[in-house]
Amino acid sequence: MVRALLRENEEPIAVLVDSEKTMKLQGYVTWREVIQITSHYSSLRAKDIALDWPVAYRDEDVRDAVKRMEEERVYAVPVVESRDNPVVVGVVSVADIVKALMAAGFEPAAETVAEVMTTEGLEEYITTQHEGVNKVWSDLVYHGKLGKIVVRSREEPIPVGIVSLREFAETGRWFFHRESERGLKSIAKVRSIMLRGAPAATPETPVQYAAKIMVENDFPVLPVVDEETGRLVGVLTIFDVARAYLEGAKPGRVKPARRAALPIEVRPEERVTYASTETVLQQVLVAKPQAEALVGLSAADVARPELPAVTVNDTVEHARRMMLRYRTNYLLVVDEKGEIVGVVSKWSMLRAIGLKGPIWKRRVHDRYFIDYVMDTDIPRVRPDDSIEQVALRMVESKAEVAIVVGDDGRPVGFITKDDLVDAYARLQAGRARVENVMTPGRIGIVHPHHSLHHAVKKMQTFYLDALTVYDGSRIIGVVSANRLPFVAYEDAVTGIRSRRLVWVRKLVRGAAKKGRYVKVTPLLVIDATVPLRDVYVRTSDDTVKSIELMREHNVDGVPVVDEEGRVVGVVTKTDIVRELARTARLRIERGETVKIEKKEKPEAKPKAG
């Protein structure tokens, strides 16, 4: 029951109390205690395996709490009122502490991964895909490891994933006791439960970047690889990240001479690379000389005076209804005082479905609240800023909306990604061909049988709002961010949807294909594809033509083919925004102004809703 509770709530800890009225701590169970049960049958109760130490106290310094958790090698603990009054007031994990420090604006005292990563005893953090789970299980349960890095081989330590307490807790496929209800007689391999496609860092990766990846995905460990060879050179643990914020570099460590914006993804069959802003700005098929002249529009020229709004206490489901009601892709989020504190876009809605796990594991009707999924990093621009400068700010923040503020700091308008795309379509015919703005095939194309989680991860990584779906012979359609939040991830009768695939294979080498191989998988790209039959643009077409097709079919991107008819990528709305941003970046690098003459506008307010 405790295992099921932790799975359902996706939490690393369950607290035992004497009663709901007094809430006095009786113990707690973490992932580690849960996985000590190695079969489907057990007479042990929660109190039989529960811990009573360590705990955290409401008013203590977080440094003391983290130090205690590291000494005891515990990822999460209950928070009680005081030593004399063990009333449970909450729970906290190391990732929660790091996330709170980041949200409060704390800068890490150690800037790069190299200054805090773990290099001593590296062999203890390594396993391979073909090793039995019992050895990894023993290291996690008895030696206090939070996770291990899965490498291709010990001779060639190139990471291919990670395995942690969470992977063991989320499935019973690894059970190695004979009393397993399936009667397993052989030990499962690590590859059967490992997390594939976990990102990696390099020694030059900024700690802030790695910390963001780890806390958002609950990764207790992250591989650190050499950028040139891809071989493992260290491990970054969540305790290392906490140290970077609370104490600084480890003794004797110095910052590397150069810094990268990495990490890179290590999934061998679906490799994805995490891109910096500079990389994102340059991901085109054919580069062109940058446009010297600005479009000539200022932020004030394209800003809209209002946007629909929801409150920070509304649910995500309410936000979905508001988007449908107002036919909008964007909602402002205001607090109790009416102040703007965030933005919810259809892209934010994906986090309501896919946060903390693969997208197919989330239910649309879960009662998440807006503050759980809203974007708070909202660029603020001046009325006299050019739309190129607005576009650059949005690309740097990976934002869908920018707020135009006056001299007093109050909002006077709002600019959405769609507003910039519309302005480009009106005034920039002939500015660029599709090949100069598109996202090329390695990044912009997915196969219809790729997992939907892989497609969404790729879109998030490369700041894309659409991908071309191509099976190698024909264009199937596109995966579009503005349509994804409304995909039916559950069936009213059967529950979470899945896909049954059937392959035909040879029974023996050289024979005819007769054997059937059936596999049930989670949702695939094809399940969320918007069909586009014979809808595409050519690399030589004007970019404005792609915008017209996006409007006609209500998608955020369209496939691209070259002059020989080969599918070469996708062109999306964010590609258009990037094209504007590249001009601003070039002018800034040259020391030239990107301002437009200021125009006054009345104060803007959120639309009631």
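Two strands are said to pair if DSSP finds at least two bridges between them. With that criterion in hand, this tour of a predicted model can begin at a strand pair.

**Stop 1: β30 and β31.** Select residues 557–561 for β30 and 567–572 for β31. These two strands pair in the antiparallel sense, over five bridges. Within the pairing, Val561 stands opposite Val567 of β31. The hairpin they form has five residues between the strands, and there Gly565 adopts a positive phi near 85°. Colouring by burial shows β30 to be mostly covered, with five of its five residues buried.

**Stop 2: β29.** Add residues 537–538, which constitute β29. β29 pairs with β30 in the parallel sense, over two bridges. To locate the register, select Val537, whose bridge partner in β30 is Val560.

**Stop 3: helix α19.** Move next to residues 543–553. At the start of α19, display the side chain of Asp542: one of its oxygens reaches to within 2.9 Å of the backbone nitrogen of Val544. Buried residues of the helix are Thr543, Val544, Ser546, Ile547, Leu549 and Met550. In an α-helix there are 3.6 residues a turn, so residues three or four places apart point the same way. What covers the buried residues of α19? The cover includes the strands β29, β30 and β31, together with helices α16 (417–427) and α20 (573–589). Just after α19, select Asn554, which takes a positive phi of about 55°.

**Stop 4: the nonpolar cores.** The largest nonpolar core has 79 residues, and those with the most contacts inside it are Ile35, Val98, Phe168, Trp174, Leu236 and Ile238. Helix α9, residues 238–246, gives the most to this core, contributing seven residues. A second, separate core has 45 residues, among them Val295, Leu297, Tyr424 and Leu549. Leu549 also appears among the buried residues of α19.

**Stop 5: Trp174.** Return to the largest core and centre the view on Trp174. Leaving aside residues up to four places away in sequence, Trp174 touches Arg3, Ile35, Ile37, Thr38, Val133, Trp137, Phe168, Ala188 and Ile193.

**Stop 6: the whole chain.** Finally, zoom out to the protein chain, which has 20 helices and 31 strands. Of its 609 residues, 56% are buried. Among contacts with a separation of 6 or more, 66% are between residues 24 or more positions apart. With a surface displayed, the accessible area of the chain comes to about 28100 Å², and 48% of this belongs to carbon and sulfur atoms.

Key:
Residues numbered from 1 in each chain as written. Predicted model: local features only at pLDDT ≥ 70, side-chain atom pairs only at ≥ 80, totals over all residues. Heavy atoms only, no water. Buried < 20%, exposed > 50% of the residue type's maximum accessible area, 1.4 Å probe, protein only. Helix = DSSP H or I, 4+ residues; strand = E, 2+ residues; numbered from the N terminus. Contact = heavy atoms within 4.5 Å. Polar contact = N/O pair within 3.5 Å; in protein donor to acceptor, adjacent residues only side chain to side chain. Core = buried A, V, L, I, M, F, W, Y, C linked by side-chain atoms within 4.5 Å. Areas by Shrake-Rupley, 256 points an atom, 1.4 Å probe, with all protein chains shown as cover.
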